[in-house]
Structures are given as structure tokens and as C-alpha cells.
Amino acid sequence: MALEEQVVEKLIEKGWHISFAESCTGGLCCGTLVNVTNASSVLDMSFVTYANEAKIKLLGVKADTILSNGVVSEEVAYEMAQGVAKVANSQVGVGITGVAGPGGGTERKPVGMVCFGFYIMGKVYTYTCQFGEIGRNQVRKSSVEFVFEKLLELM
């Protein structure tokens with residue numbers, strides 16, 4: 001059974017809903033979940049918040065958090081996950097922000113760096129992955145795989 005099928009099954013089992021706040025993945029996590037039969041029983045809404053203004057306006061990410069830590073940070077991913085769960089009234093919220101490339105990287109935040117936030121029933125977990133310069137779409141794909149693996153582990 002595919003990871004996303006296992007996640008949907010686990011969410012149904014628990015009676016929980018999930019929501020995503022995606023930046024560099026551009027809706028790929030939500031789209032992957034929607035590939036699964038019965039996804040409608042665990043998903044009501046998700047957001048692609050590519051611009052900083054969207055993160056602030058739709059998810060409640062604090063402008064100061066972005067200024068202090070940069071948009072690609074665990075702090076922003078934390079607020080994205082928490083914010084999307086609150087807005088969607090879901091028990092599980094996932095926030096993803098990163099540098100997919102090929103440009104946009106810095107020495108401190110290189111291409112392939114992606115930060116994740118997972119809000120699960122009131123608790124938030126954050127992670128950073130360095131996927132490397134493996135190509136824009138592979139960074140996005142690797143991020144989705146990480147999300148579904150981590151969801152299974154945390155739930």
C-alpha cells in the first residue's frame with residue numbers, strides 16, 4: 001500500500017482531518033493525498049502559500065517570524081502548520097517551505113533545503129531536510145515522500 005493510502009487509512013481510523021500549507025511543493029502534497037480514494041473524508045481544505053504575504057494573510061504567520069528567521073526556516077514551517085490546522089479546523093496540519101532551485105539558495109540555506117512543520121492534535125514538530133541540488137522537481141517529490149513518511153510515524 002502506498003504511503004498516502006496508509007495516511008488516509010490512519011486518518012479515517014482516528015476520525016481526523018488533515019490540511020496542508022505548501023510553498024515550494026506547490027500543492028503536490030495535497031494532490032498526492034487526493035489521488036487516494038476516500039480522501040474527501042479526511043480533507044476539507046489546503047493552501048498553496050507561495051508568497052510571504054499569503055503565508056501572513058491566510059495562515060497567520062507572523063511577519064516578524066519571517067524577518068527574524070527567513071521564510072525558509074523551521075519557525076515559519078511551525079507557524080504554517082499551526083495556522084493551516086487552525087484555519088481548516090483540522091487535527092493535522094502540515095507546513096512546507098524550502099528552496100527547490102535551481103536558484104534562490106544561499107550559503108546558509110542552499111538549494112534543496114526544505115523545512116517542515118507537522119501540527120498533530122495540538123503539538124507541533126519541525127524538521128529540516130537537505131536534499132541537495134537534485135533538481136527542482138526531485139526536491140519537491142522528495143519533500144512529498146518525507147511528509148507522508150513522517151505523518152505515518154507521528155500519527
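Pro 102 sits in the loop between strands E3 and E4. The peptide bond leading into Pro 102 from Gly 101 is cis, with omega near 5°. This is a predicted model. Strand E3, just named, is a good place to start: seven of its seven residues are buried.

**Strand E3 and its partners**

- E3 covers residues 92-98 and is mostly covered.
- Val 92, Val 94, Ile 96 and Gly 98 point one way from E3. Gly 93, Gly 95 and Thr 97 point the other way. Residues on both sides are buried.
- Strand E1, residues 18-22, pairs with E3 in the parallel sense. This pairing runs over five bridges.
- Which residue stands opposite Ile 96 of E3? Glu 22 does.
- Strand E4, residues 113-120, pairs with E3 in the antiparallel sense. Here there are seven bridges.
- Val 94 of E3 stands opposite Phe 118 in E4.

**The nonpolar cores**

- In soluble globular proteins, nonpolar side chains tend to be buried together.
- How many residues make up the largest nonpolar core? The number is 30.
- Ile 18, Phe 20, Leu 33, Val 147 and Leu 151 have the most contacts inside this core.
- Six elements are listed as giving two or more residues to the core: helix H1 (3-14), E1, helix H2 (28-34), E3, E4 and helix H6 (136-154).
- H6 gives the largest share, seven residues.
- A second, separate core has eight residues, including Ala 21, Phe 47, Val 61 and Val 76.
- Back in the largest core, Ile 18 is one of the residues with the most contacts. Leaving out residues up to four places away in sequence, Ile 18 touches Leu 11, Leu 33, Val 42, Leu 43, Asp 44, Met 45, Ser 90, Val 92, Val 94 and Leu 151.
- Val 92 and Val 94, among those contacts of Ile 18, point one way from E3.

**The largest pocket**

- The largest pocket holds about 150 Å³ of space.
- Its lining has 14 residues. Ser 23, Cys 24, Tyr 50, Gly 98 and Val 99 lie nearest the centre of the pocket.
- Which elements give two or more residues to the lining of the largest pocket? They are helix H3 (52-59) and E3.
- The lining residues divide into six nonpolar, six polar and two charged.

**Asn 52 in helix H3**

- Asn 52 lies in helix H3.
- Is Asn 52 buried or partly exposed? Asn 52 has a relative accessible area of 29%, so it counts as partly exposed.
- Asn 52 touches Ile 66 and Val 71, not counting residues up to four places away in sequence.
- Asn 52 and Lys 62 are 10 residues apart along the chain. Their C-alpha atoms are separated by 9.8 Å.

**Positive phi angles**

- Asn 38 is not a glycine, although its phi is positive, at about 75°.
- Where is Asn 38? This residue is in the loop between H2 and strand E2 (47-48).
- The relative accessible area of Asn 38 is 49%, so Asn 38 is partly exposed. The cut-off for exposed is over 50%.
- Met 121 also has a positive phi, near 50°, in a residue other than glycine.
- Met 121 lies in the loop between E4 and strand E5 (123-130).

Notes: Residues are numbered from 1 along each chain as its sequence is written. This is a predicted model: local features need pLDDT of at least 70, side-chain atom pairs count only at pLDDT 80 or more; totals for chains, interfaces and linings use all residues. Side-chain values use heavy atoms; hydrogens and water are left out. Buried means under 20% relative accessible area, exposed over 50%, partly exposed in between (1.4 Å probe, protein chains only). Helices (H or I, at least four residues) and strands (E, at least two) are DSSP runs, numbered from the N terminus. Two strands pair if DSSP finds at least two bridges between them. A nonpolar core is a set of buried Ala, Val, Leu, Ile, Met, Phe, Trp, Tyr and Cys residues joined through side-chain atoms within 4.5 Å. Contact means heavy atoms within 4.5 Å. On a 1 Å grid over the protein atoms alone, a cavity is a set of points where a 1.4 Å probe fits but cannot get out, and a pocket is an open set with protein on both sides within 12 Å along at least five of seven lines; lining residues have an atom within 4 Å of a point. Grid points are joined across faces, edges and corners, and a volume is the space filled by probe spheres set on the points. Ala, Val, Leu, Ile, Met, Phe, Trp, Tyr, Cys and Pro count as nonpolar, Asp, Glu, Lys and Arg as charged, and the others, Gly among them, as polar.
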